[in-house]
Amino acid sequence: MAWFKRDKKGITTPTEAKKDTPKGLWYKSPTGKIVDAEQLKNNYYVSPEDGYHVRIGSNEYFEILFDDNKFKELNANMTSKDPLKFEDSKKYVDRLEDAKKKSGLKDAVRTAVGKSGGHDLVVACMDFGFIGGSMGSVVGEKIARAADYSLKNNIPFMIISKSGGARMMEAALSLMQLAKTSSKLAQLADAGIPYVSLCTDPTTGGTTASFAMLGDINIGEPGALIAFAGPRVVRDTTGKELPEGFQTAEFLLEKGFLDFIVPRHELKEKVNLYLNLILNREVPIV
């Protein structure tokens, strides 16, 4: 049969005519599930196959929480300095510039105010893409100023934690942010202004030791790693084998460190339900 035979030999396709598969069409979850990227986005970046919550940043959380994705960013142009002239394998100033270029962010947290469920809400959201969401002076200062904005305008405050801990390049200056942010949250409590803490994957180190666990209500995302020290440090310190699921949101919920775990598609509804109840506002009937 002639149509099984090639009449012309040496048929080639020019390099410029070859088409590559576009990047970002598919996402593979840690359990091996393959998800269409558009489907993943439409499902709040949660794998519909296994419920895995993909790490997202402030852009995505603001879109989830704020009505029609409308908000005013606070202190948007604050950037970190290098008062200690820190250098290891690379200068700290160079790390900062690299992080800005790669992430498109000024630092590891963004703060904003807008309507959520029809009511004003101030949100501080950390970004793991900027030096692992590490907490330096700018992170502490922006959270403190966002808390001041809440205090001045009597608006509920929410922090979304996603951090590898304190930023070692700023040494003691970084550790000072634990006290600064905690004192600001105490002022909110004294004024009777609600503070909601959402712990996402990962929430570790100094973040966990300060504002992440100080909420009037502490929420976790499903499967999130939430801890102060790593498993090896805990094991070596206690001399005991760690239980299964140690340092997951589910384990912390069982032990009373979290009030509840909420899937991402229910986040806005649950946060506003809590705020409506605690502030004695009318609860919408769905």
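Accessible areas come from the Shrake-Rupley method with a 1.4 Å probe, and for residues only the protein chains shown count as cover. With the whole protein on screen, that surface comes to about 16000 Å², with 53% of it belonging to carbon and sulfur atoms.

A word on the model before you click further. It is predicted, so local features need pLDDT of at least 70 and side-chain atom pairs pLDDT 80 or more, while totals for chains, interfaces and linings use all residues. Residues are numbered from 1 along each chain as its sequence is written, and side-chain values use heavy atoms, leaving out hydrogens and water.

Switch to cartoon view: you should find eight helices and nine strands (DSSP runs, H or I of at least four residues for helices, E of at least two for strands, numbered from the N terminus). The C-alpha trace spans about 85 × 55 × 45 Å along its principal axes.

Next, select S134, in the loop between β5 (119-126) and α4 (137-153). Is S134 buried or exposed? S134 is buried, with a relative accessible area of 6% (buried means under 20%, exposed over 50%, partly exposed in between, with a 1.4 Å probe and protein chains only). Its side chain reaches the backbone oxygen of I131 at 2.9 Å.

Now show the residues around S134. Leaving aside neighbours within four places in sequence, S134 is in contact (heavy atoms within 4.5 Å) with A108, V139, S163, G165, A166 and R167.

Conventions: Polar contact = N/O pair within 3.5 Å; in protein donor to acceptor, adjacent residues only side chain to side chain.
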